[in-house]
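Work through the exercises below with the sequence and the structure side by side, and try each task before reading its solution.

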Amino acid sequence: MAAATVSSPWFLLSSYRALRPRTTPANLILRLSGRRIRAPVGLIAPHTRLFRHITHAVDEEASARAAAARVDSGAPTIFDKIISKEIPSTVVYEDDKVLAFRDINPQAPVHVLIIPKQRDGLTELGKADHRHEEVLGRLLYAAKVVAEKEGISEGFRVVINNGASACQSVYHLHLHVLGGRQMKWPPG
């Protein structure tokens with residue numbers, strides 16, 4: 001088995017494509033961001049999906065680290081701009097405390113984000129305290145309402161990413177409501 005250390009997903013993809021015609025049963029071990037990824041050398045169609053997944057994961061992790069570095073800047077988040085209508089969104093549910101809208105990069109047929117309209121220091125779930133109990137309950141209730149409206153009340157998932165290691169990329173607490181397909185376990 002050969003191993004290569006790479007600096008970008010594009011190098012990884014081009015290196016893999018160069019080796020693809022080989023029909024050896026051996027596997028190529030590639031290192032990317034300190035992770036070992038085993039990719040069968042003889043793949044023809046699925047290899048593109050594999051590298052798209054790897055590239056997305058690396059981009060997502062980099063975005064999360066960058067967002068964590070600027071969390072205390074006080075600048076408005078993209079969600080603050082959606083609340084103030086500076087950025088358009090497809091609203092699914094809204095009340096006086098929360099706003100629910102469709103994710104622009106859906107990970108399921110139904111993927112809706114639910115956010116509190118007032119951040120009030122609630123940048124992530126790990127920063128919640130006693131004064132946030134009402135809005136936290138309202139967010140979960142809104143998830144139920146969204147699931148009913150979207151026709152997925154018999155099976156949906158609610159996800160909260162907390163911190164960079166969970167790939168939180170916007171530091172304004174938000175829930176992901178996912179459904180419309182069979183969910184897998186473990187999730188990620």
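The exercises that follow deal with confidence, a helix, the nonpolar cores and an aromatic pair.

This is a predicted model, in which local features need pLDDT of at least 70 and side-chain atom pairs count only at pLDDT 80 or more, while totals for chains, interfaces and linings use all residues. Residues are numbered from 1 along each chain as its sequence is written, and side-chain values use heavy atoms, with hydrogens and water left out.

**Exercise 1.** Find where pLDDT (the predictor's confidence in each residue, from 0 to 100) stays under 50.

Solution. Begin with the whole chain, whose mean pLDDT is 78, with 69% of its residues reaching 70 or more. Next, pLDDT stays under 50 over residues 1–37, for which the model has 61 contacts (heavy atoms within 4.5 Å) beyond four places in sequence. Residues 41–56 also stay under 50, with 26 such contacts. Where pLDDT is low, the predicted coordinates should not be read in detail.

**Exercise 2.** Compare the span of helix α4 (133–150) with its expected span, which is 1.5 Å times one less than its number of residues.

Solution. Helices (H or I, at least four residues) and strands (E, at least two) are DSSP runs, numbered from the N terminus. The 18 residues of α4 should span 26 Å, and because its end C-alpha atoms are 26 Å apart, the two values agree. After α4 comes G151, whose phi is positive, near 75°.

**Exercise 3.** Determine which residues of α4 are buried (under 20% relative accessible area with a 1.4 Å probe, protein chains only) and what covers them.

Solution. The buried residues of α4 are V135, L139, A142, A143, V145, V146 and A147, and their cover includes β4, β5, β6, β7 (156–159) and β8. Taking V146 as an example, and leaving aside neighbours within four places in sequence, its contacts are V92, Y93, A100, V112, I114 and V177.

**Exercise 4.** Describe the largest nonpolar core, a set of buried Ala, Val, Leu, Ile, Met, Phe, Trp, Tyr and Cys residues joined through side-chain atoms within 4.5 Å.

Solution. This core has 19 residues, and those with the most contacts inside it are Y93, V112, I114, V146 and V177. Helix α4 gives the most to it, with 7 residues. A second, separate core of 7 residues includes F79, I82, I115 and V170.

**Exercise 5.** Classify the aromatic pair of F79 and F101, given that ring centres must lie within 6.5 Å and that planes under 30 degrees apart count as stacked, over 60 as edge-to-face and the rest as tilted.

Solution. The count comes to 1 aromatic pair. The ring centres of F79 and F101 are 5.8 Å apart and the planes stand at 65°, so the pair is edge-to-face. The pair links distant parts of the chain, with F79 in helix α3 (residues 78–83) and F101 in strand β5 (residues 98–102), 22 residues apart. Both F79 and F101 are buried.

Note on methods: Rings of Phe, Tyr and Trp (its six-membered ring) pair if their centres lie within 6.5 Å; planes under 30 degrees apart count as stacked, over 60 as edge-to-face and the rest as tilted. Buried means under 20% relative accessible area, exposed over 50%, partly exposed in between (1.4 Å probe, protein chains only).
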